[in-house]
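Q: Please look closely at one strand of this structure and describe how it is placed among its neighbours. A wider view of the rest of the chain would also be welcome, with some indication of how far the model may be trusted.

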Amino acid sequence: MEAIPTENNALVNMEMHLEPVYLGMETNNIETTPPTKRRKKKSMVWEHFTIETVSPGCRRACCKQCKQSFAYSMGAKVAGTSHLKRHIAKGGCPVVLRNQQQDPMAMTPFSAPSKIANDSAGPTPTTDPPKRRYRTSSVPYVAFDSDRCRQEIAQMIILHDYPLHIVEHPGFVAFVRNLQPNFNMVNFNTVQGDCIATYLGEKQSVQNLIEGMPGRICLTLDLWTSCQTTGYVFVTGQFVDNEWKIHRKLLNVVMEPFPESDSAFSHAVSSCLSDWNMEGRLFSITINQNLSEAGIDSLRSLLSEKNPNTLGGRSLLNHCLARSLSSIAQEAFKVCQETVNKVRDCVKYVKTSDVLEEKFLELKQQLQVPSMKTLAIDDQTRWNTTYEMLLSASELKEVFSCIDTTDPDYSKGPTAEEWKQIENLCTCLKLLFDTANLLTSATIPTTNTFFHEVWKIQLELTRAATSEDLVINAIAKPMQVGFDTYWKSCCLILAIAVVMDPRFKMKLVEFSFTKIYGEEAASYINLVDEGIHQMFLEYVGGLEGSVKQEDVAGLGLTDFDMYIMETTSQQSKSELDQYLEESLLPRVHEFDVMGWWKLNKVKYPTLSKMARDILTVPVSTVAPELVFETERKEMDRYRCSLRPETVEAVICAKDWLVGGGGNGDSVDMMKAMVKMEFPI
């Protein structure tokens, strides 16, 4: 056969596999007499089939693998080969299917990149080009697995917060039916069971992690409201594993029918400890709710009862840092509400019109304003967006002041005094904004990190609240009152945590308290010193009955270690005093305090256990993405209609799947999936 000139000879050579057949065409241009000798069939399908004559004029194609036969020709009518290719390539042949299951990476027949046309005995008498079907060589044949499909649907619902009833929505049912007709669609009850099964599987992995933790666990309690006046307490645990890595896992979502009661939070804690078998392993509790004295006492008694090494229950942080910062920021906005609204209106005037925004940018260029800030309308449910809007507008105030020269419809913006008020407001808010940003980190900060931030806020707001500038004084005073409440509640735990940082120890406490309290600093410094020594003695006293004995030598000499400690305690300094008297480490930008204690646990066997627990105390009860929220979270109406056990299962399972709480293999697999297209 002569070569056909073409831009893609390879594709044409593959098309040469097609052989022409003239099916009763009546034309004067084509000789209808069939050739006396038929050409050899070139289609790839004939590598897997043979032709058998079963009767005069009737021939059938027989599969070489499984010996099944298929219609091929009856008289002058030829059936084609599409059904033969489907038998081999799409799992119809049991022999090919079995080979694929034994070797999943093997390519199926026809999986090499090729043009698969209408492989009948010849081209049909039409001018339309044949339709092309492509397969990708990198995609192996995978047998349909109904159980795996059910697992994927359950994980889809969990990961994306879809309603469980989606499996009964007509549109979704039709989509799945068209995607895979062989799949028997599940109903609500079935998918609810599948979601709970996913939850239980992931829970076992988290349980194994908790059982292996060498120290104690810290809990946070975050209360969500609902339209049914019931409450949902989100109980999250934070702890350190054997490698001294901090973990944060959502453990329970406890439905409380009377969330305003004094016992609601203590009930949620007791339920969590019982559910995860953590009795006697609780170190601290952080809450985000203003409780009555009876409610706080209930939690403190529970805390000291479950764990004696907690300063008599004083490791209760009854204020969440994220919620406190959000509340204080809103108080600041209220002081300047009229001016804030005026700036917001100016920003909206510019941002809601492409023409006006273009004029604004031209005017900025003409005035040569150096700011690189861009304007954005704030989301009043997230206070950081309001701060950023005010900050940007403040830097562009010169442009706003000149808009009326080019746009007569522009109403007068803030005055010079009002712009000054916005600048002072942004200065105060920056302290809160920088600290809140630490809470949004993907990594989990150790507790000592926040002492540095909190004492600076306390000092700066105290100074601003006594400023002679009346504008600054008016803004800072309500902020200082709100933050002082947080400081008094949490400064002891934060101060003990920073003492466990070998770069600072007691020196930073002495320095910062002197700045804040002046002549009264000595008494507050003594409280921290007494607190840390008392906690250390509690750890020493509880060594024999500790959660997990860490026999460093591995020789079963724990009793001997206790004897050495008891007989030498009077003649030598304690681990704590020895640690405090040693020189400070040089301050470096990146310092792994947990890593340092891991390396020095042999030198400080008891103090390292105390450091491990105190450095793990969480200061915030909310997830990183909710740090700047101004409104309390409310459980949606749909989830309130579900059983509490189901609500807990889907919410906790999502936390574990996304965060790798269990094995996370399925999520990793979904993230790694590559989009493949198959043009038909």
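A: The answer starts with the chosen strand and then moves outwards to other parts of the chain.

The model is a predicted one. The part examined here is strand E6, which covers residues 231-240. Burial is its general condition, for 10 of its 10 residues are buried. Its residues point in two directions: Gly231, Val233, Val235, Gly237 and Phe239 go one way, while Tyr232, Phe234, Thr236, Gln238 and Val240 go the other way. Both sets are buried.

E6 pairs with two strands that can be taken in turn. Strands of a sheet pair through backbone hydrogen bonds, in either a parallel or an antiparallel manner. Strand E5, residues 217-226, runs antiparallel to E6 and is joined to it by seven bridges. Within this pairing, Cys218 faces Gln238 of E6. The hairpin formed by E5 and E6 has four residues between its strands, and Thr229 there takes a positive phi near 65°.

Strand E7, residues 246-256, is also a partner of E6. The sense is again antiparallel, and the pairing extends over 10 bridges. Here Val235 of the central strand stands opposite Asn252 in E7. Five residues separate the two strands in the hairpin of E6 and E7, and in this hairpin Trp244 has a positive phi near 65°.

The loop between E6 and E7 also leads to a distant part of the chain. Glu243, which lies in that loop, forms a salt bridge with Lys598, and the closest N and O atoms are 3.2 Å apart. Lys598 belongs to helix H21, residues 593-599, so that the two partners, by the definition of their elements, sit 355 residues apart in distant parts of the chain. Glu243 counts as exposed because its relative accessibility is 54%. Lys598 has a relative accessible area of 32% and is therefore partly exposed.

This pair is one of a wider set. Side chains of opposite charge can pair when their charged atoms come close. In this model the count comes to 22 salt bridges. Another of them joins the side chains of Glu423 and Lys397, at 2.5 Å from N to O. It too links distant parts of the chain, with Glu423 in helix H14 (residues 416-439) and Lys397 in helix H13 (residues 397-402), 26 residues apart. Glu423 counts as partly exposed because its relative accessibility is 23%; Lys397 is partly exposed, with a relative accessible area of 30%.

Glu423 also has a part in the surroundings of Ser394. That serine is found in helix H12, residues 383-395. Ser394 counts as buried because its relative accessibility is 8%. When neighbours within four places in sequence are set aside, Ser394 is in contact with Trp419, Ile422 and Glu423.

Two further cases complete the account of charged pairs. The side chains of Asp501 and Arg503 meet in a salt bridge at 2.7 Å, N to O. Both Asp501 and Arg503 are buried. Elsewhere, salt bridges with shared partners join Asp161, Arg639 and Lys654 into one network.

Earlier in the sequence there is an open sheet of four strands, in the order E1-E2-E3-E4 and with antiparallel pairing. Its edge strands are E1 (49-55) and E4 (77-78), each of which pairs on one side only. E1 and strand E2 (residues 58-63) run antiparallel and are joined by six bridges. In that pairing, Ile51 stands opposite Ala61 in E2. Helix H2, residues 82-89, lies across E1, E2 and strand E3 (69-74), and runs at about 165° to E3.

Confidence remains to be considered. The protein chain has an average pLDDT of 82, and 78% of the residues score at least 70. Confidence is highest in E7, at 97, the strand that pairs with E6 over 10 bridges. It is lowest in helix H25, residues 665-672, where the mean is 37. Over residues 662-680 pLDDT stays under 50, and the model has 30 contacts beyond four places in sequence for that stretch. Residues 544-555 likewise stay under 50, with 23 such contacts in the model.

Definitions and conventions: Residues numbered from 1 in each chain as written. Predicted model: local features only at pLDDT ≥ 70, side-chain atom pairs only at ≥ 80, totals over all residues. Heavy atoms only, no water. Pairing = 2+ DSSP bridges. Contact = heavy atoms within 4.5 Å. Axes fitted to C-alpha atoms, helices over the stretch in contact; angles between N-to-C directions. Buried < 20%, exposed > 50% of the residue type's maximum accessible area, 1.4 Å probe, protein only. Salt bridge = Lys/Arg side-chain N within 4 Å of Asp/Glu carboxyl O. pLDDT = per-residue confidence, 0-100.
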